[in-house]
Amino acid sequence: MFDLSGKVAIVTGAGGGLGKPIAIGLAENGADVVVTGRTLSKLEPVAKEIQDMGRQSLAVTADVTDPKSVAEMVDQVVKKFSHIDILANVAGINARVSAEEFDADEFEKVIRFNVVGTFLCCQAVGKVMIQQKSGKIINMSSVRGRCGPDQGGSAYATSKGAVDALTRTLAVEWAKYNINVNALGPALIMTDMTRDFLSQPETYKRVTADIPLHRLGNPEEVVGPAILLAAKESDFMTGQVLYIDGGMTAR
């Protein structure tokens, strides 16, 4: 089960705390993986790690908010591999500012990166998948797309709610092409970027108060669900947000 041999995957934000383990996990299950992001120096070690497994990998820089940059990235992938079977849209940003103080330009920046960036990658890769009559798209949502945070998350939560709506819409629109579009909705995940902040006892207690399991998730706990959505075992799943939240949305 969950064999991805012969599949080609693109992972955006592949140099980050969630993108890297997802890219590695897809490769461990047999996929050749294209890693993309804004900084080549963060992508190249991930590509090398994948190549050391005996899988093919390609590190390509791209700005997900720029249609031309995304199109050029997809063209490079098609030229090398001729097909794209999996797209994992992991790239994203956040800005924690109280709603009453949020600058409009900064708010729009979060929306553009998280929503428009996700759409542009779906659109560019979707054109390839439409021609193939097959494909798996995995968007990165968040529990915050459903459960609003108590402070500083108005732009981020709004963007992830939009990703949920985009996921459902593309799932319905592209079902006729045998393209599955789903999303992952994690709660807070302990990554290198958040470890110092979240490891503070009072902060940890506060952010886990609404999580029935009373802990944060680890990056590896997002990888398995990503592999499920990439594999044939999820062929009858589309338009879904799969929550990885310690029971938070069950309340």
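A cavity here is a set of grid points where a 1.4 Å probe fits but cannot get out, and a residue lines it if one of its atoms comes within 4 Å of a point. Keep that in mind while we look around this predicted model.

Let's begin with the sheet. Seven strands, or 7 if you like digits, make an open sheet with parallel pairing, and going across you meet them in the order β3-β2-β1-β4-β5-β6-β7. The edges belong to β3 (57-61) and β7 (241-244); each has a single partner strand, so one side of each has no neighbour in the sheet. From one strand to the next, the twist averages 15 degrees.

Now zoom in on one pair. Strand β1, residues 8-12, runs parallel to strand β2, residues 32-37, and 5 bridges join them. If you want a spot to click on, try Ile10, which stands opposite Val34 in β2.

Over at β4 (86-89), β5 (135-140), β6 (179-186) and β7, look for helix α8, residues 220-230, which lies across these strands. Helix α8 runs at about 165 degrees to β6.

Back to that cavity. Searching the whole structure turns up 1 cavity of 30 Å³ or more, and the largest cavity holds about 40 Å³ of space. Its lining is made up of Thr12, Val64, Asn89, Ala91, Phe113, Gly117, Thr118 and Cys121. Helix α4, residues 104-132, supplies the largest share of that lining, with 4 residues. As for chemistry, the lining splits into 4 nonpolar and 4 polar residues, with no charged ones.

Conventions: Residues numbered from 1 in each chain as written. Predicted model: local features only at pLDDT ≥ 70, side-chain atom pairs only at ≥ 80, totals over all residues. Heavy atoms only, no water. Pairing = 2+ DSSP bridges. Helix = DSSP H or I, 4+ residues; strand = E, 2+ residues; numbered from the N terminus. Axes fitted to C-alpha atoms, helices over the stretch in contact; angles between N-to-C directions. Contact = heavy atoms within 4.5 Å. 1 Å grid on protein atoms, 1.4 Å probe; cavity = no way out; pocket = protein on both sides within 12 Å on 5 of 7 lines; lining within 4 Å. Points joined across faces, edges and corners; volume = space filled by probe spheres on them. Nonpolar A, V, L, I, M, F, W, Y, C, P; charged D, E, K, R; others polar.
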